[in-house]
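Here is a quick walk through a single protein chain, written for someone who would rather look at the structure than at a spreadsheet. Have the viewer open as you read.

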Amino acid sequence: MGLGLAARILWNMVRVSTREGWERDRLEEYQASALTQLRAHTYKHSPFYRKHHEGLESAPLNQLPIVTKQQLMASYDGVVTDPAITHDDLQRHLLGKHDDELFNDKYIVCATSGTSGTPGLFPYSEAEWAVLLASFARASRWAGSHVRLFDPMRLAIVGSDKLSHQSRVVADSFDSPWVPTLRLSANEPLYEIISQLN
């Protein structure tokens with residue numbers, strides 16, 4: 001984890017933690033405003049959602065048609081809001097991916113394993129990735145774990161050993177002098193995982 005990413009994570013953690021004390025009315029107002037901005041951006045930049053939600057642009061979320069992962073992947077190029085991202089290009093990127101290599105010099109890309117039959121592809125800008133990592137760190141803080149400059153928090157993540165799987169990319173992102181991270185494969189026998197954790 002570089003200093004830039006660490007700073008972004010910390011900033012997001014502070015920003016989000018201030019909302020934990022908000023009154024319900026203020027929180028709901030913030031959520032409604034954020035949702036309005038998200039929907040406006042999506043309808044402007046995603047042909048799939050413009051068509052899929054036609055006539056429902058202001059409808060409550062529970063009235064929107066369900067979208068499956070299979071639909072998203074089948075219509076991927078029309079779903080994403082950046083026309084520079086295509087399903088085929090992401091696939092090629094992941095096949096040749098090396099550690100810390102960004103797609104289009106801009107996106108961190110994760111993929112699901114495809115056990116449901118359709119692997120999911122998820123590109124994140126570095127700012128979006130910092131928000132995701134801050135959400136993981138926030139959960140750790142709630143559990144009583146804290147990152148301190150001179151008292152590193154050791155972290156172990158049991159997940160996929162596939163370079164593009166989110167569990168692996170998250171572990172790689174956290175691994176630093178402040179959060180030394182042990183990556184364990186979920187494919188290993190349980191006794192070996194326990195032994196390494198011990």
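How many of the 9 residues of helix 8 (residues 166-174) are buried? The count is 7, so helix 8 is largely enclosed by the rest of the structure. The buried ones are Ser 167, Arg 168, Val 169, Val 170, Ala 171, Ser 173 and Phe 174. Keep in mind that this is a predicted model.

**The overall layout**

Stepping back, the chain has 9 helices and 4 strands, and from the N terminus on they run α-α-α-α-α-α-β-β-α-β-α-β-α. Of the 198 residues in the chain, 32% are buried. The chain exposes about 12700 Å², with carbon and sulfur atoms supplying 56% of that area. Among contacts with a separation of 6 or more, 54% come from residues 24 or more positions apart.

**The cores**

Back to the inside. The largest nonpolar core has 18 residues, and Val 170 and Phe 174 are among those with the most contacts inside it, along with Leu 5, Ile 9, Trp 129, Leu 132 and Leu 133. At least two residues each come from helix 1 (3-19), strand 1 (107-111), helix 7 (126-142), strand 3 (155-159) and helix 8. Helix 7 gives the most, with 5 residues. Apart from this core lies another, of 11 residues, among them Leu 94, Phe 103, Tyr 107 and Ala 111. If you want one residue to click on, try Leu 5: leaving out residues up to four places away in sequence, Leu 5 touches Trp 129, Ala 130, Leu 133 and Ser 173.

**Salt bridges**

The structure holds 3 salt bridges. Here they are:

| Acidic residue | Basic residue | Closest N to O |
|---|---|---|
| Glu 28 | Arg 24 | 2.9 Å |
| Asp 82 | Lys 106 | 4.0 Å |
| Asp 89 | Arg 92 | 2.5 Å |

The Asp 82 and Lys 106 pair links distant parts of the chain, 24 residues apart: Asp 82 sits in the loop between helix 5 (76-79) and helix 6 (87-95), and Lys 106 in the loop between helix 6 and strand 1. Asp 82 is buried at 17% relative accessible area, while Lys 106 is partly exposed at 42%.

Arg 24 and Glu 28 both lie in helix 2 (residues 24-45), 4 residues apart, or about one turn of the helix. Asp 89 and Arg 92 are 3 residues apart in helix 6, again about one helical turn. Why does that spacing matter? An α-helix has 3.6 residues a turn, so residues three or four places apart point the same way. Arg 24 is exposed, at 63% relative accessible area, and so is Arg 92, at 54%.

**An aromatic corner**

There are 3 aromatic pairs in the count. In one of them, the ring centres of Phe 48 and Tyr 49 are 5.1 Å apart with their planes at 90°, so the pair is edge-to-face. Phe 48 is buried at 14% relative accessibility, and Tyr 49 is buried at 18%. What does Val 67 contact, leaving aside neighbours within four places in sequence? Val 67 is in contact with Phe 48, Tyr 49, His 52 and Leu 72. Val 67 is found in the loop between helix 3 (47-52) and helix 4 (69-74), and is partly exposed at 25%.

**On the surface**

Finally, Val 158, Leu 182 and Leu 197 make a nonpolar surface patch of about 230 Å². Leu 197 lies in helix 9 (residues 190-197) and is partly exposed, with a relative accessible area of 46%.

Definitions and conventions. Residues are numbered from 1 along each chain as its sequence is written. This is a predicted model: local features need pLDDT of at least 70, side-chain atom pairs count only at pLDDT 80 or more; totals for chains, interfaces and linings use all residues. Side-chain values use heavy atoms; hydrogens and water are left out. Patches are made of residues with over 30% relative accessible area and no salt bridge: like charges are joined within 9 Å, nonpolar side chains (Val, Leu, Ile, Met, Phe, Trp, Tyr) within 5 Å. Accessible areas come from the Shrake-Rupley method with a 1.4 Å probe; for residues, only the protein chains shown count as cover. A salt bridge is a side-chain nitrogen of Lys or Arg within 4 Å of a carboxyl oxygen of Asp or Glu. Buried means under 20% relative accessible area, exposed over 50%, partly exposed in between (1.4 Å probe, protein chains only). Rings of Phe, Tyr and Trp (its six-membered ring) pair if their centres lie within 6.5 Å; planes under 30 degrees apart count as stacked, over 60 as edge-to-face and the rest as tilted. A nonpolar core is a set of buried Ala, Val, Leu, Ile, Met, Phe, Trp, Tyr and Cys residues joined through side-chain atoms within 4.5 Å. Contact means heavy atoms within 4.5 Å.
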